[in-house]
Amino acid sequence: MIFAAGMGTRLKPITDTMPKALVKVGGQPLLWHVVTRLKEAGFQRIVINVHHFAQQIIDYLESNQHFGIDIRISDESNMLLDTGGGIKKAIPLFDATSPVLIHNVDILSNVDLSSFYEMCMDDVSDACLLVSHRTTKRYLLFDDHLHLTGWVNKETGEMKTPYEKLVASQLNAYAFSGIHIVKPSLFPLLQSQSERFPIIKFYIDNCQNCHFQGVESKDLQLLDVGKLDTLKEAENMLKQLHQTS
């Protein structure tokens with residue numbers, strides 16, 4: 001599933017006339033880069049949620065013959081459902097027996113998506129979160145087995161966890177990549193949630209009763225193309241990725 005429903009407010013004024021998913025980097029829309037990488041990794045069905053300038057995305061996919069694979073639209077035109085609500089709404093479009101890889105449309109990386117999927121497919125987790133040691137403000141917290149235990153904002157000291165007496169400094173802090181895998185075992189719990197909710201809050205709220213596994217990518221190159229000043233940086237990153245591929 002590709003998250004492509006966001007308003008793209010940090011990319012204004014470009015996103016005043018188009019969705020973030022169609023903002024071009026290296027001559028192609030962000031959506032093209034993610035769909036192409038998923039297709040190259042062997043994925044044959046992709047669900048894309050849409051909201052902001054939804055019809056532009058639908059028209060773009062149709063003009064490209066859906067890239068020759070099964071691409072399905074989860075339409076959030078009436079209301080933006082946030083990341084968790086987006087997954088919940090899209091569940092009927094998934095294969096109910098297979099794990100679902102979730103990928104933000106504005107993430108460019110060198111992640112081997114096929115290997116990540118295969119690694120998580122047969123383990124006992126309810127979800128796998130791709131993480132790395134990157135500098136950021138907000139971190140996910142994991143125990144020594146990389147089981148998710150909480151979240152912390154290093155700047156403010158704010159911490160969220162269902163566990164009592166948890167000390168952030170005694171845990172492993174990793175940055176989330178915007179790439180994760182949801183297992184079918186989690187679908188019933190997701191469907192019991194409210195219509196609109198963020199997936200990270202869901203993971204934190206339920207990490208005591210579910211198994212959310214962190215998977216560290218030690219050589220991760222990743223860029224969140226969320227702001228105007230990252231567009232040039234994204235161009236350079238794409239060149240580097242092409243040189244090493």
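Two strands pair if DSSP finds at least two bridges between them, and strands here are DSSP E runs of at least two residues, numbered from the N terminus. Keep in mind that this is a predicted model, in which local features need pLDDT of at least 70, side-chain atom pairs count only at pLDDT 80 or more, and totals for linings use all residues. Residues are numbered from 1 along each chain as its sequence is written, and side-chain values use heavy atoms, leaving out hydrogens and water.

Let's start with a pair of strands. Strand 8 (residues 127–132) runs parallel to strand 13, with five bridges between them. Opposite Gln 213 of strand 13 stands Cys 128. Four of the five residues of strand 13 (residues 212–216) are buried (under 20% relative accessible area, 1.4 Å probe, protein chains only), so the rest of the structure largely encloses this strand.

Cys 128 is also one of the residues that Phe 116 touches (heavy atoms within 4.5 Å), and Val 215 is another, not counting residues up to four places away in sequence. Phe 116 belongs to the largest nonpolar core, a set of buried Ala, Val, Leu, Ile, Met, Phe, Trp, Tyr and Cys residues joined through side-chain atoms within 4.5 Å. Another core lies apart from it.

| Nonpolar core | Residues | Members include |
|---|---|---|
| Largest core | 46 residues | Ile 2, Leu 31, Ile 48, Leu 101, Phe 116 |
| Another core | 30 residues | Ala 90, Leu 146, Phe 187, Phe 202 |

Why might such cores form? In soluble globular proteins, nonpolar side chains tend to be buried together.

Technical notes:
Buried means under 20% relative accessible area, exposed over 50%, partly exposed in between (1.4 Å probe, protein chains only).
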